[in-house]
Each structure stands twice: as structure tokens, then as C-alpha cells.
Amino acid sequence: MIYTVFTRPSDPSRQWHADLLESSWQRAQQPGELVRLTPTAAGGSAPAHDKATVVPTLAWNPHPYTGDQYEGYDMPASLLEWLFRTGVEGTVLILDSRSILTKAITDEVEPGTAVATPWPEFPSGEGPFGLAMSYKFVECYCVNRTLALAPVQPPLLMHSSDLRKIAPRWAELTALIRADGQDTHGKPADADRLAYCIAAAEYRVRHDARALGTDTSDESTDAPVIGYRRPVESPRGEIVWDDHTYEPWSEVYPEKAAPGAGRVLLSHLNEMATRIQSGADLAAKRPLRKGGVREARVLDETQLEVPGYRDFVTLNASAAAIWDLCDGERNLAGIVEELERRFDAPTETLRDAVRSTARELVAAGAIELEESV
Amino acid sequence: MSEETPATRVIDLRIRTIGGHEYVLPLPEDRPELRQLFTAFVNRAAMASQGKPNLVELPLEGGEAACTIAVDQIVSIESSPPVLLQLEQPVEAAAAQPAAQQPVEHAPAPTLRRPEVVVIDDFLGVDENTDMVAYALRERDRFEPGTVEGKAHPARHNSVVMNFTHSAHSNLLVNRLLIWFPTVARALGHEAFPLKAIESQLTASNDGDFYGAHMDTDGSKPDDRVIACVYYFFREPRGFSGGDLRVYDTLDYGGEIRRAESFQSIQPVNNRLVAFTARTFHELRPIRCPSKAFEDSRFAMTNWIHRADNPDPAARFGWGHFHAGTIPRAFQGWSSLR
């Protein structure tokens with residue numbers, strides 16, 4: 001069993017990262033389960049997904065004990081929580097949320113050996129663990145400083161039993177490196193990657209280095225995972241796309257990008273944007289009510305009692321209208337068409353409402369979405 | 001730690017049980033099981049009337065094996081040389097046990113509760129664990145007999161290093177524990193709370209050592225211990241047997257808590273941490289260590305996480321980077337996160 005795992009806090013403005021990754025996971029026909037670990041503030045709600053299992057976890061950014069703002073805290077802390085609570089066993093593929101899958105990764109690993117992407121900028125030197133001397137401070141917190149570190153980074157494959165051991169140490173070291181370390185830009189930006197390497201070595205997890213991932217500057221398209229923390233550039237080095245400024249789901253222009261991973265990324269993004277803009281994504285999904293769901297009308301609200309769920313699901317008027325149209329015959333596009341006949345609202349608004357309501361109903365266990373041909 | 005001296009006699013016991021069975025075993029006269037056996041034998045009628053199982057575990061083959069006997073099945077015990085014991089009541093929970101153990105008239109039917117226990121294996125890295133063992137061995141001369149509320153107590157027989165909090169090895173473990181804290185505390189059913197202190201104690205248990213059933217706090221006096229975390233470490237291959245941690249179920253008489261007879265048993269595995277709510281009856285079962293060598297002891301670092309009545313934003317923990325004296329915003333209301 002392969003669990004493809006990424007971490008993405010609950011932020012509506014950045015939901016598209018998770019949606020894009022989920023879409024790519026499905027398109028690549030990646031086996032196993034897709035898991036989104038969602039650092040969630042107390043009282044907050046976790047987003048819903050069509051396919052991904054959403055696991056709300058405590059938010060560790062900013063760090064609860066130091067106050068430091070650093071997104072690298074969330075991954076190890078969320079992994080610790082998820083693995084402890086669920087006790088899953090299998091191979092875990094860890095991806096950055098700002099990445100897509102272009103091909104399936106089907107390797108499974110045994111305890112004691114991981115597969116990870118080489119880290120070319122690993123800060124090697126004459127210090128402890130073969131690190132640069134600027135990391136001498138880690139000696140205070142590590143018993144054996146002669147361990148050889150594997151210079152690797154995500155995406156990576158590791159067995160859940162190894163991950164369960166190293167995640168707490170990974171989380172702890174990230175905070176210590178951030179607290180005591182300094183690089184040219186201030187606190188070390190790579191603290192989480194370095195902490196991973198040390199933690200893995202301390203628990204004797206060996207690594208096979210393999211290019212599971214690359215970034216948008218790579219001319220090669222062999223790696224199954226493309227990360228897009230770097231902007232996409234044209235052959236002349238001009239920025240043609242940047243995730244910070246991208247407006248989902250506006251059109252992008254892959255042909256403007258230099259050949260390679262950047263162009264592949266934009267092609268994926270464009271395909272998804274076109275499907276969403278045209279509503280084709282809705283036509284591909286047919287909602288099916290799950291057995292045992294009971295319905296009650298309370299004043300102007302509809303309440304659903306879903307077997308196995310503690311709380312009632314309360315639907316407002318628009319969500320109830322959508323629920324009523326989940327008759328097993330219509331796909332989501334058909335529901336939009338019917339709503340267009342009944343209500344005077346822009347098509348795009350109705351589509352968004354149907355998408356979000358369908359996800360909420362999936363998350364509540366009231367329906368499942370059948371992918372239609 | 002108990003050590004046999006040339007003057008310690010070996011008592012040959014011949015135990016006859018219902019059905020004509022007979023057990024012959026030698027037992028050093030200073031073994032606590034000897035007193036337990038005769039005490040249980042004398043009190044077997046009372047125990048039976050209360051519906052309580054009355055079992056005694058006796059070591060065999062120099063501690064390599066054990067025999068558990070139902071005392072109510074015993075017909076007679078012969079001892080050679082003869083045993084003359086000043087018998088005492090069955091060992092009760094020490095320190096914090098409520099004084100009255102008699103059935104309460106017209107008491108409501110109790111609710112049996114099983115406490116949550118968190119078990120975390122491979123708590124420290126390989127070298128960290130090895131270093132812990134090396135440290136304990138180096139500190140041999142600092143171990144003193146364990147006490148209960150500062151005094152020797154028949155319910156406790158092991159060795160302790162006092163003033164262990166804030167040592168480097170304590171800080172190492174505490175720092176790791178703070179990363180685990182929200183996960184552990186939630187699993188044990190606690191809401192987030194500000195920390196006042198994390199108190200550490202280092203113990204060594206060798207042949208015959210034990211700590212009878214007790215709670216680390218009973219809530220009746222000012223004691224802000226909330227969670228107890230016991231980290232086990234020892235030299236491998238293991239040179240002892242026994243030493244299980246028993247965590248007892250409780251009987252809740254509408255707020256009055258008593259120890260039940262049923263329990264969970266947790267093995268002392270090297271590099272394992274066990275966490276439970278401090279207000280839980282637990283017991284260290286007797287340890288058998290045939291070599292009696294200090295190096296073969298079962299070591300444990302116990303950490304108690306204390307709740308702060310007055311949150312202190314300046315309080316630092318572990319290596320000194322972590323401020324846990326207030327409830328982090330991210331932890332507030334964590335029980336609602338599912």
C-alpha cells in the first residue's frame with residue numbers, strides 16, 4: 001500500500017495547490033491513497049476533496065513553543081500525528097504540496113531503506129555530520145555527530161514504521177536548527193531538510209538516491225514529480241508563470257515556457273483549468289447516495305444522519321437543492337443544468353456551489369462520486 | 001537493591017494444594033514473595049469473600065521462570081527451616097491511597113474505567129539510547145534507595161538518583177517529550193494546559209526490586225502532576241526478567257476512586273516510553289536479575305508533566321528554546337480537532 005502524502009494548511013486562497021496535486025495524482029493513476037494533512041487552527045474546518053483523505057492536524061506554524069514562522073514545521077509534526085492516530089502500515093510517498101505527479105510511482109520500500117531525491121545544495125563542510133561549520137551548534141543536541149548523512153530531500157519514499165520513529169526527531173531538530181542557526185538570509189530556510197537528514201541517520205534509515213522529483217528549471221521531463229516553487233521561465237529566462245501570482249483557474253501558455261519540466265507543468269495546469277472553466281470536470285462525476293443515510297427537514301434546513309458519523313450534516317437551502325438532485329442518474333454537470341433552470345444565477349457561481357457541496361457531501365460520507373467515462 | 005549476604009538463609013518450601021498437588025521450591029528468606037505468600041495464605045478467606053482473586057507469583061530456577069499460584073487452592077505450606085514472620089496486611093497502594101478501603105454502605109454501583117496508556121517504541125535514536133545506558137552505568141554511585149514521600153516504605157524497593165531534573169540527559173528526553181506532548185496528552189484525554197515543570201527521576205531496578213500499586217497523585221493535596229512518562233532503557237541482551245508495569249483499572253464510586261483488580265500489563269522494552277495520567281494506579285512488578293549486577297538493571301527515567309496554575313510565558317523547557325508555560329494558540333481546543 002502506498003500513501004501519497006502532502007501537507008497543506010487550510011487556506012482557501014491556496015486550495016488550488018491541493019486541487020492541482022489531487023488532479024495530477026488521479027491522472028497519473030498513482031496507486032494507493034492520497035492523504036492531505038491539513039494543519040488546522042482550533043475551531044477551524046478542514047477542506048474537502050474528491051479523492052484525497054483529509055486529516056486535520058494541529059498547526060505547528062508558527063511554532064507553538066518558539067513562535068517562529070516557518071512552513072517546514074508542519075510536515076513532520078503532522079506526520080507524527082497522522083501516523084500515531086491511524087497506525088497505517090505501508091510505504092509513504094512524501095510530496096511537497098507545490099508539486100504535481102506526472103507518472104505513477106509504484107515502488108514500495110521495506111523498513112530500514114528509503115528512496116529520496118538528491119539534494120544538490122546540501123551544505124557539506126568540515127563540521128559535525130560533514131556539514132558546513134556554520135552548523136557546529138548541532139553538536140549540543142546530537143549524541144553521535146560522526147554519522148554520515150544522506151544528502152537527500154523530498155519527494156521521498158519511506159516505510160511508515162521508519163517515518164513513525166524519525167518524525168518527532170525531525171520536528172524537534174527543525175526547531176533547534178531554526179532557533180540556533182543563521183544563513184545569509186537569517187534563519188536557515190532549509191532547516192527542515194537538514195533535520196530530516198540527521199533524524200534519518202540517527203535512526204539508521206539508509207537511502208537510495210533517485211531523482212523522484214525535479215523543478216521547473218529542469219530541461220528533462222523524466223522525473224515523476226515536478227515541483228513549482230521556482231517560477232517557470234521562457235527560453236530567454238523571462239518569467240512566464242509564478243504560483244504566487246497565478247489566479248486559479250485562468251488560462252496559462254505552456255508554449256511560452258522553455259522546453260522541459262516547466263512546460264509540462266503548465267500543460268497540466270492548462271488542461272485542468274480548461275476542464276474547470278468548461279465544466280467538463282463536473283460532467284465526469286456522478287454523485288451516488290450512500291446507503292443508510294437518513295434525511296430530515298427541520299424548518300428550512302435539511303439534516304442528514306450518516307451512519308458512522310457522530311454529528312448531523314446540516315444543509316442550507318442551496319446545498320439541500322443540490323442534495324435533492326443527487327438522484328443517481330444525473331452527473332454534476334446535469335445538476336448544474338437543472339439549477340440553471342430553477343435559479344437566476346451565473347453558471348460559474350452554480351458550478352462552484354455544486355463542486356464545493358459535492359465535496360462536503362463526500363467528506364461527510366453522504367455520497368460518493370463515480371467517475372463516468 | 002537487595003543483595004544476598006552470607007547470612008541469608010534459603011527456605012525450602014513445600015506447598016500442598018487442593019487435589020493433592022505439591023510444589024517444592026527454595027526461596028531466599030529476604031525475598032518479598034515469601035512474605036506475600038504467607039500473608040496471602042493467612043488472608044485468603046477475607047480475599048475470597050470480597051470476590052478478589054488471590055494470586056502469588058513465585059520465582060523458579062533462580063529467577064529464570066515463575067510460578068503463579070492461586071492462594072485459595074493452598075492447603076498447607078511446610079517450611080524448612082521454619083518461617084516465623086510478623087505478618088502485615090496485604091500491601092496497599094502507597095502514599096496517595098485513600099485511607100478507607102471498607103465497602104461503603106449504600107454506595108452507588110461503581111463504574112469500571114480502563115485508563116488510557118500510550119506506548120511509544122524507539123522513542124530515542126540508536127545512539128541516544130546507548131548513551132542513556134552508559135550514563136546510568138557511570139552514575140552508579142549516585143543511586144540511593146527509593147523512598148515514598150521522603151521515607152523508606154515497604155511498598156517500594158528500588159534505587160533512585162535524586163536531583164536529576166535539568167541534567168543534560170533529562171533535557172534531551174524532555175525536549176523530545178515536548179514534541180510528543182500534544183499527541184500524548186490528547187490520547188490520554190486531556191485538554192491543553194500550560195506547563196509548570198517537567199520533573200525527572202532516574203531509577204535502577206535490580207533483583208527483587210518492585211514498587212507496589214500506587215498513584216503518583218491523588219488530587220487530594222496540592223500536586224499538579226498531570227501526566228507520567230516512563231522511559232525504559234537497559235543494556236542488551238537483557239539481563240533481567242519481570243519488571244512489568246501494571247496499570248490498573250479503577251472503580252469509580254461517584255468520584256471516589258479505588259483500584260480494581262483488572263489491569264493492563266506493559267513490558268519494559270528497551271527504548272520504550274509509556275505515558276499515562278498521573279492519577280492512575282500502577283505498579284512495578286518484581287524484577288528477577290540472576291546476576292544481580294548493576295549493569296543488568298532495568299533503568300527508567302520517569303518524567304512528570306506538571307500543570308501550571310499561573311501560566312508563565314517566560315518559562316523555558318528542555319534545552320531552553322521551548323516556551324510551554326502558556327497554552328499555545330494552536331493547541332487551544334485541540335480535542336475538537338478530528
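Buried area is the accessible area, found with a 1.4 Å probe, that two parts lose on being put together, summed over both. Keep that in mind as we walk through this predicted model, starting with the way chain A is divided.

Chain A has three domains: domain 1 spans 2-209, domain 2 spans 231-278 and domain 3 spans 285-371. Let us look at how domain 1 of chain A meets domain 3 of chain A. Their C-alpha centres are 35 Å apart, and the contact draws on eight residues from domain 1 of chain A and seven residues from domain 3 of chain A. Between them, domain 1 of chain A and domain 3 of chain A bury about 620 Å², with carbon and sulfur atoms giving 38% of that area. Which residues supply 70% of the area that domain 1 of chain A buries here? They are A:Ala48, A:Asp50 and A:Lys51, and no other three residues supply more.

Charged pairs are part of this contact too. Five salt bridges are counted between domain 1 of chain A and domain 3 of chain A. If you would like to find a charged pair on screen, try A:Arg359 and A:Glu22, which form a salt bridge with their closest N and O atoms 3.7 Å apart. Both residues belong to a network of salt bridges that links A:Asp19, A:Glu22, A:Asp50, A:Lys285 and A:Arg359. A:Asp50 therefore appears twice in our tour, as a member of this network and as one of the residues that supply 70% of the area buried by domain 1 of chain A against domain 3 of chain A, where buried area is what two parts lose on being put together.

Staying in chain A, you can pick out an open sheet of three strands in the order E14-E15-E16, paired antiparallel. Strand E14 (294-298) and strand E16 (313-315) of chain A each have a single partner strand, so they form the edges and one side of each has no neighbour in the sheet. From one strand to the next, the twist averages 25 degrees. In general, strands of a sheet pair through backbone hydrogen bonds, in either a parallel or an antiparallel way. Here, strand E15 (residues 301-305) of chain A is joined to E16(A) by three bridges, and A:Gln303 sits opposite A:Thr314 in E16(A).

Now for chain B, whose domain assignment gives domain 1 (10-80) and domain 2 (111-336). The centres of domain 1 of chain B and domain 2 of chain B, taken over C-alpha atoms, are separated by 31 Å. Helix H1 (residues 32-42) of chain B is mostly covered, with eight of its eleven residues buried. Among them are B:Leu34, B:Leu37, B:Phe38 and B:Phe41.

Over all chains, the structure holds 49 salt bridges. One of them joins B:Arg186 to A:Glu81, with the closest N and O atoms 2.7 Å apart. This pair crosses between chains, running from helix H4 (residues 168-187) of chain B to helix H2 (residues 74-86) of chain A. Are its two residues buried or exposed? B:Arg186 has a relative accessibility of 15%, so it counts as buried, and A:Glu81, at 3%, counts as buried as well.

Another salt bridge lies within chain B, between B:Asp249 and B:Arg114, whose closest N and O atoms are 2.9 Å apart. B:Asp249 is in strand E15 (residues 245-253) of chain B, while B:Arg114 is in the loop between strand E6 (111-113) and strand E7 (117-120), so the pair ties together parts that are 135 residues apart in sequence. B:Asp249 is buried, at 3% relative accessible area, whereas B:Arg114 is partly exposed, at 49%.

A few backbone details round off the tour. A cis peptide bond joins A:Pro154 and A:Pro155, with omega about 5 degrees, and A:Pro155 is found in strand E7 (residues 152-159) of chain A. In chain B, B:Glu236 and B:Pro237 are also joined by a cis peptide bond, and B:Pro237 lies in the loop between strand E13 (225-233) and strand E14 (241-242). Finally, B:His166 is a residue other than glycine with a positive phi, near 75 degrees. B:His166 lies in the loop between strand E10 (159-161) and H4 of chain B, and its relative accessibility of 65% counts as exposed.

How values were computed. Residues are numbered from 1 along each chain as its sequence is written. Chains are lettered from A and ligands numbered from 1 in the order in which they are written. This is a predicted model: local features need pLDDT of at least 70, side-chain atom pairs count only at pLDDT 80 or more; totals for chains, interfaces and linings use all residues. Side-chain values use heavy atoms; hydrogens and water are left out. Two strands pair if DSSP finds at least two bridges between them. Helices (H or I, at least four residues) and strands (E, at least two) are DSSP runs, numbered from the N terminus. Axes are lines fitted to C-alpha atoms, for helices over the stretch in contact, and angles run from 0 to 180 degrees between N-to-C directions. Buried means under 20% relative accessible area, exposed over 50%, partly exposed in between (1.4 Å probe, protein chains only). Domain bounds come from an automatic or database domain assignment. Contact means heavy atoms within 4.5 Å. A salt bridge is a side-chain nitrogen of Lys or Arg within 4 Å of a carboxyl oxygen of Asp or Glu.
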